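Please open the model in your viewer and keep the sequence beside it, so that each selection can be followed in both places. The tour starts with one pair of elements and then steps back to the whole chain.

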Amino acid sequence: MSHTNPTEQELLKTVLEPLLEDFQYWFVRARNLLESERITFLSLEEQGELLERVKTSEQEVRTAKILFEATGKQAGIEIRALVPWHNLVAECWQVSRKWRSQQNPNLPSP
């Protein structure tokens, strides 16, 4: 059985493409929540600031995806660009989880 190492382009398509799609998905969900609900454990300023960070990151991811597609899926993204997006998604998950638990106090905690 022979194993061939994937090319850099194959790795980018296999790893980066779904990662960018995931970021887009989670930022849209976070934006929808922050725009449609009053998150009472955040001040209005905190909620607005979080929403702005989500919108900014959503645009950054959209731009990265456009560049990725425009280069024939051959352009990568620096890890230092991905880490803040990952951290923001994690922060949004925490806000969403806490908000859901307040909306449905009878549901068991994860």
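**Two helices that cross**

Select H2 and H3 together, and you will find that these two helices are oblique to each other. Bear in mind throughout that this is a predicted model. To make the selection, take residues 44-70 for helix H2 and residues 79-103 for helix H3, whose axes come within 11 Å and cross at roughly 135 degrees. That angle counts as oblique because it lies neither over 145 degrees, as roughly antiparallel would require, nor between 65 and 115, which is the range for roughly perpendicular. If you turn the view so that one helix lies in front of the other, the crossing of H2 past H3 is a left-handed one.

Next, show the side chains where the two helices touch. On the H2 side, select Leu50, Arg53, Val54, Ser57, Glu60, Val61 and Ala64, which meet Trp85, Leu88, Glu91, Cys92 and Val95 in H3. Colouring this contact by class will give you 8 nonpolar, 1 polar and 3 charged residues.

**Stepping back to the whole chain**

Now display the whole protein as a cartoon, where you can count 3 helices and 0 strands, in the order α-α-α from the N terminus on. Reduced to its C-alpha trace, the protein spans about 55 × 35 × 20 Å along its principal axes. Its radius of gyration is 17 Å, whereas a compact globule of 110 residues would have one near 13 Å.

Finally, colour the residues by burial: of the 110 residues in the protein, 28% count as buried.

Methods. Residues are numbered from 1 along each chain as its sequence is written. This is a predicted model: local features need pLDDT of at least 70, side-chain atom pairs count only at pLDDT 80 or more; totals for chains, interfaces and linings use all residues. Side-chain values use heavy atoms; hydrogens and water are left out. Axes are lines fitted to C-alpha atoms, for helices over the stretch in contact, and angles run from 0 to 180 degrees between N-to-C directions. Helices (H or I, at least four residues) and strands (E, at least two) are DSSP runs, numbered from the N terminus. Angles under 35 degrees count as roughly parallel, over 145 as roughly antiparallel, 65 to 115 as roughly perpendicular and the rest as oblique. A crossing is left-handed if the near helix is turned anticlockwise from the far one by less than a right angle, and right-handed if clockwise. Contact means heavy atoms within 4.5 Å. Ala, Val, Leu, Ile, Met, Phe, Trp, Tyr, Cys and Pro count as nonpolar, Asp, Glu, Lys and Arg as charged, and the others, Gly among them, as polar. The radius of gyration is taken over C-alpha atoms; the globule rule is 2.2 Å times the number of residues to the power 0.38. Buried means under 20% relative accessible area, exposed over 50%, partly exposed in between (1.4 Å probe, protein chains only).
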